[in-house]
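Work through the following exercises with the structure open beside you, and try each task before you read its solution.

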Amino acid sequence: MGQGNPPEWPDGESIRRRLNRLASGVRRRLPTSAEREAPSWLPGDGAARYSPGRRALLTALAAGTAGAAVTNPGAAAELLRGAAGLGPEESTPLDLVPERRVTHRAVANGEWGDPETWEGGSVPDDDARVLVPEDVSVVVASELDTRLDTVRVDGTLSFDPTVDTRLPVDTLVTTLGSTLRIGTEDEPVRPDATARMLFVDRGAIDEKRDPDRVGRGLIVMGECEVHGAETTPWTELEAAPRAGDRTLSLPEPPTNWSPGDELVIPGVDPLEDQDEEVRVASVDGSTVRLDRPLEHDHVPPASDLPAYAVHRTRNVRFVSESREIPRRGHVMIHSASTTVRYAGCYGLGRTDKSYPFTNPQHGEPPEDVPPNPRARYALHFHVTGIGAEPPHRVEGVVVDGSPGWGVVNHHSHVDAVDSVTYEVFGSGFVAEAGDERGSFRRNFALRSAGSGEVPDSRAFAHRDGEGHVDDFGHGGHGFWLQGPMVAVEDNVAAGHRHHAYAFWNRPLIDRPLGPDEEIRDKRGTVPNLPLLYVDGQEPLKESKHAGEDSVSSGYVRIQSFRDNTAFASGGGLDVSRHMFRWPHARYDEYGTIDGFTAYAIGPLERGDGRLVEPDRGNGQGGNVGISVRYSVNVRIRNARLLGRGPGIAINRNTPYAENLVVEDSEIRDWEVGVRPTERGETVVRGNELSNQVNVEVTPEGERGVLITDNEFDARKTAQVDLGDLDLERLGPHELFADDWRRGVEVDGRTAYYPQQAPDHVPVPNGRALRTLADGDRDRERLAELVGGDPKDVVGRTNRELLDRHGIAVAGGLLPEDAERNWRVSGGRLEPAPGERPVDEVWLEAQEGSVGDLFTVGSDPNASDGTYVVVEGAKSDDEPPVEGGIVRFEFDVVPGTYRVFGRVHTARGHRGSQDSLWVRVDGGRWQVWEHLRASRGWEWQRLEVQEGDGPATFDLDGGTHTLEVGYRGAGVRLDRFLVAADATTPVGPGNAVDR
């Protein structure tokens, strides 16, 4: 582009980058009247070329306004108040540009510098307050030197795309029905021309005139299209450059890279900022020569990982003149369906993420700090409606240097693609509140200094003290996503103080609460997302979490997170508050992290300089590839997580994460590869694992772990570490696991702790009993387990406890022929299937002898995609007739057996609707009741009676029968397990290829 440096914008303590000052402008010749009347770059003919386009409806200046026509400034002001959460006494952008204060009014279509354009022939001079009225079109066709106070556009303001232009102004406001045009899609600003809007520093913002500090910037309420010259915004490199190199090899010739353009080569060291700012000296095809040699190597840890170059120069520029954060400009777009392409925002933004904002909707603001209003960001699409069509189009934009956020989607519908943020303090790309729609695709977020605080340090949820105001995205992130609805695909984030990507899916409620509404820290309770925009997830729509027409976005699965990359940051990806307290086994409705790559990940550097390693309790800290906190139903697949020695590839917090799938991923060179959740089910399958400990299981909690078909590196310390059964850390239910899902399976073989030996005494004396049950709640739980005095467990072996109370350590007894195996540390595996007697049988429901009353249904979450069910019939008081029974025959060796079933009950029903009839070998029919599986497929154990432990059957060697009959309608049957001393299965169960 040949534009040289962007304007100078140092930021004192928080922004390190240095940019050159604006070059002084040059006055240009005014075109002739013929040229003025018919410029080739305006659409239409004659006077129509200057006429502003009128929309009958500007959909959604605020969320929920689609369908409401707004036709006058007063109505617009009221609408803006609601959009911004302002009270009736607070100002709006229109208050900044009242007609009564206008000093210069355009009266004819024409160029800005032509006296004939202006009332009285007076061209606006310094401190002018300008109005471009409705049905009048003014063209900026030169580099203006006058420093304007305000410009109000009710008509059309255009920039000539064929010449250098500049408009210095404090505040520019476009109103409903107006048009701001800087280039068009058919004729963008030419590569050899530059269009600048300079937000001048006219001193501190006057709070008497602008009490809410809305001004000093561009505020758009009408049509807006910005088209700079297309450029290659960022690119992979053919070869990783090293120190001393002066050339870059690109995969193909870059578009509109010219001598003088600025590039940055991202560093790959997570402990030091090694980004290098350089200029283009020359371009020869796909080879770019730099103005100086590089000082650092920019070599990723694997030969197939690319290095990158990021292009910072754009020929449409929105620029702040002031260096002081409170006096910077910002861009706030209130109208729907705007276009901003190949433009640069340099030094914009006034909201400072180094401390909490001072005008919160909820919570107590910080005291004794300068005013820090929210929503003054570099490029901000502010409450324009999530239903607005088409979406805003952001393409090829660069946001360079900002104290807060970069590209912000707030209650809007925005597609942001092929864009760049650089040196943005808080977060580069942001979905602010939770209901936003659109996409972030093929963007590069580079370097954020961040606050050094953990992500939720400023959250509001009945926390005392100042600063807990629901201020997020301050920690130093490439992408901050308050909700799940924005697709995040093919992006790169590097050089961030904390996680390069962060989903924090408890929505931001930026309006007053209703009488029955409450903001909770861990999960969404206030409906904020219309069900219209929730794709699938029918059970959620029918659940108690959904209202008549809306649901909290905190319960909605991640829309799309695919093929994103993170490096040189204090964490890869943080998934927090995702579907929390809505666990289920419908895998097709899990939030999926697909194709995520993370490498060169380092610790989090706190504000005091401390380096924070992974936290095994709260799941916070750095050196983590993917962190899952207060989240359920997360599926990670096709990931590539490359460590540096320390850290955890996939971490979770204790004990709140639940239901995790890790599959088909490469995870290597971390201290720990995967930490299964302590609740629900964790499935680790089909991965390449080469870490000091590949899977670190903790005995606490109610969980099952299925580890299968993984490729382990036998040279590492431990493949599966079962952890220690410590009475000081475990409660009675966790130790004895009577009805908890406690199983750990490795390639179809159950793993056992040594403490599960039949003759082991788990509670040898009264001191051990007091350690195990050291509180009233634990004593009550132990009493429930034994059905009487908790002291009855003292001195008894596992075998005695199982015979007397149906409990044992970890829910079962260590088989005599269990063996040590290199894959398991801290325990043993049962013999391989070919080496042990048949003491477990898996039975697919549809493969039994199925009665005529059953129908076969299909569900991708069933073990082989199908199930059987009886609809519209009941058999409460007696077993069903022959047509309502599924009968199985099976062969086992002699032993004592239990029965498990994988079922899905009708939602919202109780009584017979969640129960079955069952019997073995033609014996007495038993009611199998209290099946807790309304949210999806769940394994249930047949109990003697609820709370009395498992039902057991002493079976001789040979053939036996299991019969299962319907009792109430709608109980879906997937498969059954008949097994000796088994714990509740995990996922679809063993011997199923999922």
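**Exercise 1.** Decide whether Glu538 is buried, partly exposed or exposed in this predicted model, and then describe its pairing with Lys541.

Solution. Begin with accessibility: Glu538 has a relative accessibility of 41%, and since buried means under 20% and exposed over 50%, Glu538 counts as partly exposed. Next take Lys541, which at 23% relative accessibility also counts as partly exposed. The two residues form a salt bridge, in which the closest N and O atoms are 3.3 Å apart. Finally, place the pair in the chain: both residues belong to helix α3 (residues 538–541), and because they are 3 residues apart there, about one helical turn separates them.

**Exercise 2.** Find which parts of the chain are tied together by the salt bridge between Arg196 and Glu143, and do the like for Glu185 and Arg393.

Solution. In the pair of Arg196 and Glu143, the closest N and O atoms are 3.5 Å apart. Arg196 lies in strand β9 (residues 195–199), while Glu143 lies in the loop between β4 (137–140) and β5 (148–153), so this salt bridge ties together parts that are 53 residues apart in sequence. Both Arg196 and Glu143 are buried.

Now turn to Glu185 and Arg393, whose salt bridge has its closest N and O atoms 3.0 Å apart. Glu185 sits in the loop between β8 (179–182) and β9, and Arg393 sits in strand β23 (residues 392–395), so the parts tied together here are 208 residues apart in sequence. Glu185 is partly exposed, with a relative accessible area of 45%, and Arg393 is partly exposed as well, with a relative accessible area of 29%.

To widen the view, the count for the model comes to 67 salt bridges. A network of salt bridges links ten residues by name: Asp127, Arg129, Asp149, Asp170, Asp201, Arg202, Arg209, Arg216, Glu324 and Arg327.

**Exercise 3.** Work out which way the side chains of strand β14 point, and which strands pair with β14.

Solution. Start from the general pattern, which is that side chains in a regular strand alternate between the two faces of the sheet. In β14 (residues 262–265), Glu262 and Val264 point one way, Leu263 and Ile265 point the other way, and all of these are buried. Then look at the neighbours: β14 pairs with strand β15 (residues 276–284) in the antiparallel sense over 4 bridges, and Val264 stands opposite Glu277 in β15. Strand β17 (residues 308–311) is joined to β14 by 2 bridges, and these strands also run antiparallel, with Leu263 opposite His311 in β17.

**Exercise 4.** Identify the residues with the most contacts inside the largest nonpolar core, and then look for rings that group together.

Solution. The largest nonpolar core has 115 residues, and those with the most contacts inside it are Trp112 and Phe318. Leaving aside residues up to four places away in sequence, Phe318 touches several others, including Ile182, Met197, Phe199, Leu218 and Tyr346. Apart from this core lies another, of 30 residues, among them Val841, Leu843, Leu916 and Phe953.

For the rings, a search of the whole structure finds 26 aromatic pairs. Ring pairs link Phe429, Phe440, Phe479, Tyr501, Phe503, Phe561 and Phe596 into a cluster. A last step concerns a charge over a ring: Arg374 lies over the face of Phe357, at 5.9 Å from the ring centre.

Conventions
Residues numbered from 1 in each chain as written. Predicted model: local features only at pLDDT ≥ 70, side-chain atom pairs only at ≥ 80, totals over all residues. Heavy atoms only, no water. Core = buried A, V, L, I, M, F, W, Y, C linked by side-chain atoms within 4.5 Å. Buried < 20%, exposed > 50% of the residue type's maximum accessible area, 1.4 Å probe, protein only. Contact = heavy atoms within 4.5 Å. Salt bridge = Lys/Arg side-chain N within 4 Å of Asp/Glu carboxyl O. Pairing = 2+ DSSP bridges. Phe/Tyr/Trp six-rings, centres within 6.5 Å; stacked < 30°, edge-to-face > 60°. Lys NZ or Arg CZ within 6 Å of the ring centre and 35° of its normal.
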